[in-house]
Structure formats: structure tokens, C-alpha cells
Amino acid sequence: MNAFLAILRRDLRVAMKRKVEVLSGLFFYLVVATLFPLAIGSDLDILRKIAPGILWVGALLSSMLTLGRLFEADWQDGTLEQLVLTPHNLSLLVLAKILAHWLLCSLPLVLMSSILGLMFDLPLDYAWVMMATLLLGTPILSCLGAIASALTLGLRGGGVLISLLVLPLYVPVLVFGTGAVESLAAGLGVQAYFSILLAILLPALFFSPWACAQALRVALE
Amino acid sequence: MMGFLFRFASPQAFYRLAGQIIPWLVGVGTLLTLAGLWIGFFIAPTDAQQGEGYRIIFLHVPASWMSMIIFMAMALWSFLGLTFKTRLSGMMTSALAPTGAIFAFLSLWTGAMWGKPMWGAWWVWDARLTSELILFFLYLGYIALTSAIENPARRDKAGSIWSLVGSINVPIIYFSVIWWNTLHQGASVSVTKAPSMAHQMLIAMLLMSLAFWAYSIAIAFYRVRTIILQREYDAHWVQSLPEAQ
Amino acid sequence: MNWNSWSEFFLMGGYAFYVWGSVIVTFALLAIEVLWVLNARGSALEWVKAQRSISE
């Protein structure tokens, strides 16, 4: 547990020194969300309808872009090898890194989505549901993306390769995340969507660090 | 029984076994193809609603099935490779991938060719076609990942891990796409709804599916033999092969 | 037998483009795959021979 917290604290501290990296993901999200109304037109009826989809895809892309860096820095300065060699449970350490990454890169996106919702005239209750689905969904994205990041450690074309690998796996999360808002719009309940997202999140939190640990060992051999 | 199977886990033994099986598969596959096409194009009657256009299913359905079966076969080999640490398993997984990708593409192509005259659009976002598209992306991802890794041991293991991760997600993806499709039902109709089938149509489809299966195994065996040659090139048994003189 | 003549067969009741478009692309891609695989084996065998010459 101590090791978990130590890694978590360390990653957060290191990132605070390099705020630019963290903020660039947020800025990317803002830019993407701004581009769509510019491309499609300012008809609020249309924008209101497409807002959940765009804000979800924007958050997805932004969090995906930052995933390449999850293990990169530690790998380059040799810290990763040290982590693999410690007697501590590598899966637990990986979970700490994923959590740190999510807190720094994805949680700001979740919070920002509500503000961006204003740009699309998204009604408040829709915005709440969307934020909640992002809150449940972005950790899943981080977990899946971490596996891809671990597998592609040190490979050429890493970032694009991660995107190609992970986008098919993101589809269910995207579908259920945006589906909740659609369901609300149709006057139906959203309970089922949250249950499904939770049902995907919990195994992912358990399975992904383990798979990452396997992938990291393979990459470092 | 396990001992018997494990004997063929050595590249040398498998090289020989596969080499013996391939000609049989080619023969059987050719016969099945000819029979399937004959029945499908000459014996099976015209469909009441879809006219002659429905005959595309004799290619579309087998291609779809193979794209899914091959992905599962890759997962099985991946699982075996990670569990028993056999080198051959990783080689078989890589050998299967290109064929699976081609069948996934053909499924999409023939699906579009079927959909356009029947439903007026080259692409409709129905659950089966959309899932097939995502499966195609999963194949491309696997191929891209394994192409980017130079070290053979790392390539096999990384590919196997990703093949398993992908396979576990395929049912979730399929389920989510069906859900998404029913949410946004609108005017979309399932493109891949087959006509109510006369028995000659079913027979032709079955024959073509078996034909594609024989083809896939033959091609995968052939490809894995090449991979074995490349990886084991400095082994004495490879150097002594008649074809390598 | 469905067809009264070869030209009827090729016309496929008006769906010729779609049916033959599917058939041709399918068999073309599979043929390309076969050629590719044959070629790869040939290259591998050449390479094995070359490796042996180097080590001798």
C-alpha cells in the first residue's frame, strides 16, 4: 500500500513540475470542441443534439493522446526497470501510475466538459449525465490505453500505433457513455448505462494493471 | 494424448506435419469451392425478393464467418503460447492474422455490394457490418503492432497479449454495437438479413464456408512454415532440408 | 439449372455489377494472397541458403 501511495505521490509531483504536458491535453479538448460548431454551423438545435457525442469523442481523443507518455518517461530514465525489479507487486504500482495519469489528464477533461456543454447550449441535466458517464468512462479508457502503452514501449510510431490499437476497444465505452444522454433525451432511464459502465470499469481496474505488468516485463526483457 | 500433441509443438515436427497436410487441404478446398459455386450459381433458384443479387451471400457469409473464426483461433493460439511458452503458438497467431484481415475486408466489400442494390446505400450502420468494421480494425491493429516489433520473442508475446485482450472485448463490442443500433433504429434495416433460404442455398453456403475454412488452414500452415524457416534458419534440420539445398 | 443462356448468366438479372464485382474482388484478393505467400516462402528459402553459404 505504501508503495502504491509512493508511486502515486511521485507521479503527481513530477507532473506538477511539467504542467504544460497536463494542460496541453485540456487545451486540445477545448480546441476540438470549438472546431465543431465552426465546421457545422451555429444552429443551436443541431449543436444541442450532437454535443454529448462531440464532447465524449473529444475527451476520448485527448486522453488517448496523453497515454503514450504513461510509461515513456520512466522507461527512458531507467526508473521503470527499477520498478519491475522491486519486490512490490508490479500490478499495484501500475495501478498507481494509471490513477495518477487519470487524475492529471482525464479528470480535468471531465470537469471541463460541463463548461464546454455551455458552448453547445446543452441543458444542465444532460450535462450532469454526460459528466457522470465521462467520470465512469475515462478510467476505463485509461485502463485499456495503458495496456496498449505498455505493449508499444519504445517502438517507433508509438503514439499513432496506440491510437490504432485502442480505438476499437473504446467503442463500447463511447456507445454506452453517449447512449445514456440519448436515453435521457428520449425520456427513458439512464440507470442501465451506469450499471454497464460500472460493470466494465471494475474488471478493467482489476485486469488492466495485471496485463500491463505482463506487457512491461515482455517489453523490458 | 498431451504428449502426442506436444510433440507437434516443436517447429521441426510441425513443419513436416503441416507440409503433409497442405496438399490435402488444397485438394479438398478446391473441390468444395467448385461444388459450392456450382450449386450457388447454377442450381440454387432465384430469390423472390432479391432476384439474382442475393447470390453474393455465398461469398459474404463465409467470409464473415471466417473472419470471426480466425480471430478466435488466434486467441486460442495466443492463450496456448502464453500458458505453455511454446514458440510455435506465436508463429501460428501471426500466420493467421493476414488471412483473417483479408476475410474481414471481403466481408465488408461484399456486404456493401449486396447492400447497395438492396437498400440503396453502400454503407448502412447496421450492427453486423459495423461490428465487422471494428473487427477489421482489430486485425489491422494486431498486424501493425507485430510489424513494429523487431525482437521475435517480444513480438510473439506482445501480439499474443493483444490478441487475447481483443478477443475478450469482441463480445462486448458486438453487444454494444447491437445496443447502439437499436437505440438509433430509425430507417436502418439489417443489410445482412438473408432471404428465406431454399435448401440449395443453405447447402451452397455451407460448402463455401467449408471451402474458405480449408483455404484458411492451408494458407496459415503455408505461412507458418515460412516463418519457421526464417526463425530457425541456423538449425541443423533446416539447413538439411531438401528445398534448402 | 437456372439459366437459359450464357448471356443471362452474365447479366445476373441486372445485378451483374454487384455480383461479379464481389466474385472478382474475392478471388482476386485470395489469389494475390496465395502468390504473396508463395513468394515469401521462396525468399525465405533463398535466405536460408545464403545464410548457410556465409557460415561455410
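Colleague: How far apart are the closest C-alpha atoms of chain A and chain C?
Modeller: This is a predicted model, in which local features need pLDDT of at least 70 and side-chain atom pairs count only at pLDDT 80 or more, while totals for chains, interfaces and linings use all residues. Residues are numbered from 1 along each chain as its sequence is written, and chains are lettered from A and ligands numbered from 1 in the order in which they are written. No contact (C-beta atoms, placed from the backbone, within 7 Å) joins chain A and chain C. Their closest C-alpha atoms are separated by 24 Å.

Colleague: Which chains share the most contacts?
Modeller: Two pairs of chains are in contact. The pair with the most contacts is chains B and C.

Colleague: Which helix gives the largest share of the side of chain B that touches chain C?
Modeller: That contact takes 32 residues from chain B and 26 residues from chain C. On the chain B side, α4 (87-119), α7 (199-231) and α8 (236-239) each supply at least two residues; helices are DSSP runs of H or I, at least four residues, and strands are runs of E, at least two, numbered from the N terminus. The largest share, nine residues, comes from α4(B).

Colleague: Which helix gives the most to the side of chain A that touches chain B?
Modeller: Here 24 residues of chain A are in contact with 23 residues of chain B. The chain A side divides into 17 nonpolar, four polar and three charged residues; Ala, Val, Leu, Ile, Met, Phe, Trp, Tyr, Cys and Pro count as nonpolar, Asp, Glu, Lys and Arg as charged, and the others, Gly among them, as polar. With twelve residues, the helix that gives the most is α8(A).

Colleague: How do α2(A) and α6(A) run, roughly parallel or roughly antiparallel?
Modeller: Helix α2 (residues 19-40) and helix α6 (residues 90-119) of chain A pack with their axes 10 Å apart, at an angle of about 30°. Angles under 35 degrees count as roughly parallel, over 145 as roughly antiparallel, 65 to 115 as roughly perpendicular and the rest as oblique. The angle therefore makes α2(A) and α6(A) roughly parallel.

Colleague: What is the radius of gyration of chain C?
Modeller: Chain C has two helices and zero strands, and its C-alpha trace spans about 65 × 20 × 15 Å along its principal axes. The globule rule (2.2 Å times the number of residues to the power 0.38) gives 10 Å for its 56 residues. Chain C is well over that, so it is more spread out than a compact globule, with a radius of gyration, taken over C-alpha atoms, of 22 Å.

Technical notes
Axes are lines fitted to C-alpha atoms, for helices over the stretch in contact, and angles run from 0 to 180 degrees between N-to-C directions.
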